Amino acid sequence: MTPKAVGEINSEGGPSDSSPSLPPDAHVLLCDDDPELRRLLATYLRENGYRVTPIGDGRDVARHIADASIDLLILDLMLPGINGLEICRNLRAHSNVPILMLTAKGSETDRIVGLEMGADDYVAKPFSPPELLARVKALIRRARMGGQETTPKSGRIILFDGWSLDTLRRELRNPDGVIIDLSVGEYDLLLTFLEAPQRVLDRDYLIEVTRKRTLAAFDRSIDVQISRLRRKIDAGENEESIIKTVRGAGYMLTSEVSRK
């Protein structure tokens, strides 16, 4: 962490009143090898109503997630021994805990690789604490909404091409009935397509509704999320993708959709 970034946290580190705090049981696992940054971020998040477990060794992440109820992992990209990308990839093999990646350089490549490995969002250092807090709140809220949704009048089960998405349980099942794990971002993206089947959705719209913020025009994060989602729901290399790229316009879900 650069001195500038630490200074930003120090100067803006008071509690934020921009939006209501989440319930006090929201538990954040913070993994960064910079002890001063861990202290500052842990203090700031606790002042805003979160339980925080700060750790400095990435090798301890899996154990904490297995032993405790973790609502969000804040994970530094650059860690000694095992880096954040490897941790993220390993976690995605068995866990859908939301992951907010901290990137030192903030380059487009860093962000894309992090999203490819399964991160749900990222913050580039140096960052302001209110921005980090907003991302934390958004990710936890989106993850928790899945267990709080009521059955819609049109049916909570969405069917398409033999697949089914249970919007109450947030469970996606393939045509063989096997549950396919989705990250928070992947679930939001798929649901957006299913709510507007056979309609072209442009990148700006997808970014706005799935990530709850406007990204710079050069940001390819939505393209990365779509690529990850395609790998999970497409039948094979020779089959036409369920999510079609419409050159110069955006993306479209080609399937017919029904509810039950």
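What follows is a working chat about the strands, cores and salt bridges of a predicted model.

Trainee: Before we get into details, how many helices and strands does the protein have?

Mentor: The model is a predicted one, and in it the protein has nine helices and 13 strands. Of its 260 residues, 50% count as buried, and the accessible surface comes to about 12500 Å², with 49% of that belonging to carbon and sulfur atoms.

Trainee: And what share of the contacts join residues at least 24 apart?

Mentor: Taking the contacts between residues at least 6 apart in sequence, 63% join residues at least 24 apart.

Trainee: Let's do sheets. What is the strand order in the parallel one?

Mentor: That open sheet of five strands runs β2-β1-β3-β4-β5, with parallel pairing. Its edges are β2 (51–55) and β5 (121–124), and because each of these has a single partner strand, one side of each is left without a neighbour in the sheet. From one strand to the next the twist averages 20°.

Trainee: Which helix packs on it?

Mentor: Helix α2, residues 35–47, packs on the sheet and touches β1, β2, β3 and β4 (99–103), and the direction of α2 makes about 170° with that of β2.

Trainee: How many bridges hold β1 and β3 together, then?

Mentor: Strand β1 (residues 27–31) and strand β3 (residues 72–76) pair in the parallel sense over four bridges. If you want a residue pair to click on, leucine 29 has leucine 73 in β3 as its bridge partner.

Trainee: Now the antiparallel sheet. Which strands sit at its edges?

Mentor: This open sheet of five strands has the order β9-β8-β7-β6-β13, with antiparallel pairing, and its edge strands are β9 (179–180) and β13 (257–259), each of which pairs on one side only. At the β13 end, three bridges join β6 to β13, and leucine 159 stands opposite serine 258 in β13.

Trainee: What about β11 and β12, in which sense do they pair, parallel or antiparallel?

Mentor: β11, which covers residues 243–246, pairs with β12 in the antiparallel sense over four bridges, with isoleucine 243 opposite leucine 253 in β12. The two strands form a hairpin with three residues between them, and in that hairpin glycine 248 takes a positive phi near 80°.

Trainee: Isoleucine 243 makes me think of the interior. Which residues have the most contacts inside the largest nonpolar core?

Mentor: Isoleucine 243 is indeed one of them, along with Leu165, Leu172, Leu190, Phe193, Leu206 and Ile226, in a core of 24 residues. The elements giving two or more residues to this core are β6 (157–160), β7 (163–166), α7 (184–194), α8 (203–211), α9 (221–233) and β12 (250–253). Among these, α7 gives the most, with six residues.

Trainee: What else is there, core-wise?

Mentor: There is a second, separate core of 23 residues, which includes Ile55, Ile65, Ala119 and Val224. As a general background point, nonpolar side chains in soluble globular proteins tend to be buried together.

Trainee: Switching to charges: how many salt bridges does the structure hold?

Mentor: The structure holds 14 salt bridges. One of them joins aspartate 57 to arginine 59, with the closest N and O atoms 2.7 Å apart, and another joins arginine 63 to aspartate 60 at 3.9 Å, N to O.

Trainee: In the first of those, why does aspartate 57 count as partly exposed?

Mentor: Aspartate 57 counts as partly exposed because its relative accessibility is 22%, which lies between the 20% and 50% cut-offs. Its partner arginine 59 is exposed, at 62%.

Trainee: And the arginine 63 pair, how do both ends come out there?

Mentor: Arginine 63 is partly exposed at 44% relative accessibility, and aspartate 60 is also partly exposed, at 26%.

Trainee: What about arginine 169 and aspartate 166, which one is buried and which one exposed?

Mentor: Aspartate 166 is buried, with a relative accessible area of 9%, whereas arginine 169 is exposed, with 55%. The side chains of arginine 169 and aspartate 166 meet in a salt bridge at 4.0 Å, N to O.

Trainee: Last one: which residues are linked in a network of salt bridges?

Mentor: Asp32, Asp76 and Lys125 are linked in such a network, and residue 76 also falls within strand β3, which covers residues 72–76.

Definitions and conventions:
Residues numbered from 1 in each chain as written. Predicted model: local features only at pLDDT ≥ 70, side-chain atom pairs only at ≥ 80, totals over all residues. Heavy atoms only, no water. Core = buried A, V, L, I, M, F, W, Y, C linked by side-chain atoms within 4.5 Å. Buried < 20%, exposed > 50% of the residue type's maximum accessible area, 1.4 Å probe, protein only. Pairing = 2+ DSSP bridges. Axes fitted to C-alpha atoms, helices over the stretch in contact; angles between N-to-C directions. Contact = heavy atoms within 4.5 Å. Areas by Shrake-Rupley, 256 points an atom, 1.4 Å probe, with all protein chains shown as cover.
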